[in-house]
Amino acid sequence: MARTAPEIPILPGTLNSIPIAPEVLCRPALPSDRESVMDFLPLIWEGEDYVPEVWDAWLAEERGFLAAALLEGRVVGLSHLVDLGHGEWWLEGLRVDPRLHGRHIGSHLHDYQVENWLRTEGSVVRLATHQSRTAVHRMCERTGFLRVASVVPLGFRAHSGEHRFRPAGLEDVESALSQLLASPVQRALGGWMDLGWRYAGVDPDRIAAAARSGGLWTWGQDQGILVTRVETGPDGPSLTISAMARPADGAASFLADIPKLAASMGCAGGLWMAPESEASVDGLAQGGFEPESEEPLWLFERRR
C-alpha cells in the first residue's frame, strides 16, 4: 500500500509555527529578477551552480512555477516547481543568498511552493537534497514529506569488449516494465527512475520513450533490463543509467557489461545514481564503478 504523508496545513504568514519576517515576500519570478539572482548565485556551489543555464527556460515554461523571495524589494532566493506529468511534480533549485542565511527565506520559499502544488491536481511532489542539508530535512519533515531513498553517484569508464545487451523496441515495453517494477534496485529507489537530477515513477510512457530514443536494453536471454540516456558534457558523450533490473543470476556480468555498452555507443564513461545499498554489491568493482562523492543524496516525497 502506498505510503501517504500526513496533511500539514500551511498557515498564511507563518511557517507552521516558525514566524516569518513580515518583510520577506514570495511571488512568481519575473524576467527583471535576473540581475538580482545572478548577483548571489556565484556565491553558491563555488560558482558552479547550474541555475544560470536554466533560468530562462524555467521562466518561460508553462508547466511549472518559478518562485522568487524578496527582502526589502530585492530578490534573495528562488525555487522551481515543475510538472513531470502523470500527477508527479518535482521541487528543485532552492537557492538563498548565502549572506542572508538564518532568515528562514528557504523555508518561506519551500512553503510557498508546497502551497502552489496543493493548488494543482498533482498526486505527489518530490525533491532531492544532500545528506548534510539538515535544515532542508527538517523543512521536509515539517511539511509532510517522507524520505524514501538514499542514492550515491557511481561513475565508470567505458572500455571495449563483447557485451550481452541488445536494443529493445516498443514490443518489449510491457515485459521491461514488469521486470523494472519487480526489481529490488528500483524498489530501493522508492520506485523512481532518474530523469536527469529529477526522479519520477517507472511507467509505460517513460519506458516507451526510452525505447523510441534507443535507450531501452535487454540483457542475455531477456534476463535483465537497462534504461539509459546519453548526455553530452565538456568531456564528450556520457552514458547515464536511468533504471535497471539486474538478473537474479549473473548480476556481476550484467554490471560488467555496462561500460562495454557505453564504449559501443561512443561514450567515454557514465554515471549511475545508485541506491546506497548497492554501493558495495558484487560486480561493481568488476564493472569499474566508483563513488564520485562520499555524500549520499536523500530523496523525499509527499503524497496527497
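**Exercise 1. Helix α2 and its neighbours**

Task: In this predicted model, find which elements the buried residues of α2 pack against.

Solution:
- Step 1. Locate the helix: α2 covers residues 51-60.
- Step 2. Pick out its buried residues, which are V51, W55 and W58.
- Step 3. Look at their directions. They span an arc of only 85° around the axis, so they lie on the same side of α2.
- Step 4. List the partners. The buried residues of α2 pack against α1 (34-40), β4 (64-71), β5 (74-85) and β6 (88-96).
- Step 5. Turn to the face pointing away from the buried side. That face of α2 carries the exposed residues E53 and A60.

**Exercise 2. Two helices that cross**

Task: Describe how α5 and α7 cross, and state which residues make the contact.

Solution:
- Step 1. Two packed helices are described by the angle between their axes and the distance between the axes.
- Step 2. Take helix α5 (residues 173-182) and helix α7 (residues 204-212). Their axes come within 10 Å and cross at roughly 120°.
- Step 3. Classify the angle. Angles of 65 to 115 degrees count as roughly perpendicular, and those over 145 as roughly antiparallel. α5 and α7 are therefore oblique to each other.
- Step 4. Add the handedness: the crossing of α5 and α7 is right-handed.
- Step 5. Name the contact residues. α5 supplies V173, A176, L177 and L180. α7 supplies P204, I207, A208 and A211.

**Exercise 3. Cysteines**

Task: Explain why C140 forms no disulfide with C26.

Solution:
- Step 1. Search the whole structure: zero disulfides turn up.
- Step 2. Check the distance. The closest cysteine sulfur to that of C140 is in C26, 16 Å away, which is too far for a bond.
- Step 3. Check the surroundings. C140 is buried, at 0% relative accessible area. C267 is also buried, at 6% relative accessibility.

Notes: Residues numbered from 1 in each chain as written. Predicted model: local features only at pLDDT ≥ 70, side-chain atom pairs only at ≥ 80, totals over all residues. Heavy atoms only, no water. Buried < 20%, exposed > 50% of the residue type's maximum accessible area, 1.4 Å probe, protein only. Helix = DSSP H or I, 4+ residues; strand = E, 2+ residues; numbered from the N terminus. Arc of directions from axis to C-beta. Contact = heavy atoms within 4.5 Å. Disulfide = S-S within 2.5 Å. Axes fitted to C-alpha atoms, helices over the stretch in contact; angles between N-to-C directions. Parallel < 35°, antiparallel > 145°, perpendicular 65-115°, else oblique. Left-handed = near helix turned anticlockwise from the far one by under 90°.
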